[in-house]
Amino acid sequence: MAKAKKQPFNVKVFLNTVDGGRTVATYPKDQKVFSQGDPADSVFFIQRGRVKVYVVSDEGKEAVVALQGNGDFFGEGCLTGQPLRLASVSAITESVILRLDKAAMVRILQTEPKFSEMFMSFLLARNARVEEDLVDQLFNSSEKRLARLLLLMANFGKEGKPMPVIAKISQETLAEMVGTTRSRVSTFMNKFRKLGFIQYNGKLEVHNSLLNVVLHDNPHLRNRND
């Protein structure tokens, strides 16, 4: 007798059944979810949409440090004893976001092993992404950093079907993420479009041929294989 196929753990369905300490809200584009310096008392899960995580210096200079999308968590610093938010988060598309009080999040981590396993995998993947971002900044040109960012935004390299269409994101935001100027981002985007790596008309479509920009002549990888 054939065994029944094991259904994968659906975090969105599971979180919608959590009893107590849970709220869901819709954030229009540009609305803040929380601000730098706010009390860190909850964890958030993006059901639909995309947000940017950014910090503001004492001089008022803003830097985007991450973009988060469907199925991502943010605000988990509260679980490590972080009393205040270290960054601000705002929606860059209309977003549906679930908020879990810290106490509720701790409770389900302690009582739901499947969720705990999934959440740990998410944190490990994010940590690996941070390390890759650091290598990217140290070794790669701004053109390669932009290509990698676009591929990550389009979901290339993740499990599941790639999502080639990206909601419109300003070149200023891309420049902040890459660590270059808006004019250089504009130059690279025009180059990628002429080469057929991307298409954009209100929304951005990224083709896997853009991988050639990222994979070509990476010195930190080449030296490892010498």
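**Cores, ring pairs and local contacts**

The largest nonpolar core of this structure is built from 27 residues, and the residues with the most contacts inside it are Leu146, Leu150, Leu174, Phe192, Ile198 and Leu210. Six elements each supply at least two residues of this core: the strands β5 (62-69) and β11 (203-206), together with the helices α4 (142-153), α5 (171-178), α6 (182-194) and α7 (211-215). Of these, α4 gives the most, with 6 residues. A second core, separate from the one just described, has 17 residues, among them Phe73, Leu100, Phe119 and Phe122. It should be kept in mind throughout that the model is predicted.

Aromatic side chains deserve a look of their own. The structure holds 11 aromatic pairs. A pair of this kind is described by the distance between the ring centres and the angle between the planes. For Phe34 and Phe74, the centres are 5.9 Å apart and the planes stand at 45°, so this pair is tilted. Phe34 belongs to strand β2 (residues 32-34) and Phe74 to strand β6 (residues 73-74), so the pair ties together parts that lie 40 residues apart in sequence. Both Phe34 and Phe74 are buried. Elsewhere, ring pairs link Phe9, Phe14, Phe45, Phe73, Phe115, Phe119 and Phe122 into a cluster. Phe73, Phe119 and Phe122 of this cluster are also included in the second core.

Charged side chains meet rings as well. The ring of Phe34 has the charged end of Arg85 over it, 4.2 Å from the ring centre. Lys52, in turn, lies over the face of Tyr54, and here the distance to the ring centre is 5.0 Å.

Phe34 and Tyr54 come up again in the surroundings of Ala87, a residue of the loop between β6 and β7 (88-91). With a relative accessible area of 15%, Ala87 falls under the 20% limit and is therefore buried. Beyond its neighbours within four places in sequence, Ala87 is in contact with Phe34, Ser35, Gln36, Val53, Tyr54 and Val55. Ala87 and Val64 are 23 residues apart along the chain, and their C-alpha atoms are separated by 9.4 Å.

Strand β4 (residues 50-56) runs antiparallel to β5, and 7 bridges join the two. One bridge pairs Val51 with Gln68 of β5. The hairpin formed by β4 and β5 has 5 residues between the strands, and Gly60 in this hairpin takes a positive phi near 90°.

On the helical side, attention turns to α5 and the loop that follows. Gln171 is placed in helix α5, and its side chain makes a polar contact of 3.0 Å with the side chain of Arg182. With neighbours within four places in sequence set aside, the contacts of Gln171 are Arg182, Val185, Ser186 and Met189. Thr180 sits in the loop between α5 and α6. A polar contact of 3.5 Å joins its side chain to that of Arg184. Apart from neighbours within four places in sequence, Thr180 is in contact with Ser142, Ala175 and Val185. Val185 thus appears among the contacts of Gln171 and of Thr180. Computed from C-alpha to C-alpha in the model, Thr180 lies 9.3 Å from Leu146, although the two are 34 residues apart in sequence.

Methods:
Residues are numbered from 1 along each chain as its sequence is written. This is a predicted model: local features need pLDDT of at least 70, side-chain atom pairs count only at pLDDT 80 or more; totals for chains, interfaces and linings use all residues. Side-chain values use heavy atoms; hydrogens and water are left out. A nonpolar core is a set of buried Ala, Val, Leu, Ile, Met, Phe, Trp, Tyr and Cys residues joined through side-chain atoms within 4.5 Å. Buried means under 20% relative accessible area, exposed over 50%, partly exposed in between (1.4 Å probe, protein chains only). Helices (H or I, at least four residues) and strands (E, at least two) are DSSP runs, numbered from the N terminus. Rings of Phe, Tyr and Trp (its six-membered ring) pair if their centres lie within 6.5 Å; planes under 30 degrees apart count as stacked, over 60 as edge-to-face and the rest as tilted. A charge sits over a ring if NZ of Lys or CZ of Arg is within 6 Å of the ring centre and within 35 degrees of the ring normal. Contact means heavy atoms within 4.5 Å. A polar contact is a pair of N or O atoms within 3.5 Å; within protein, one must be able to donate a hydrogen and the other to accept it, and residues adjacent in sequence count only if both atoms are side-chain atoms. Two strands pair if DSSP finds at least two bridges between them.
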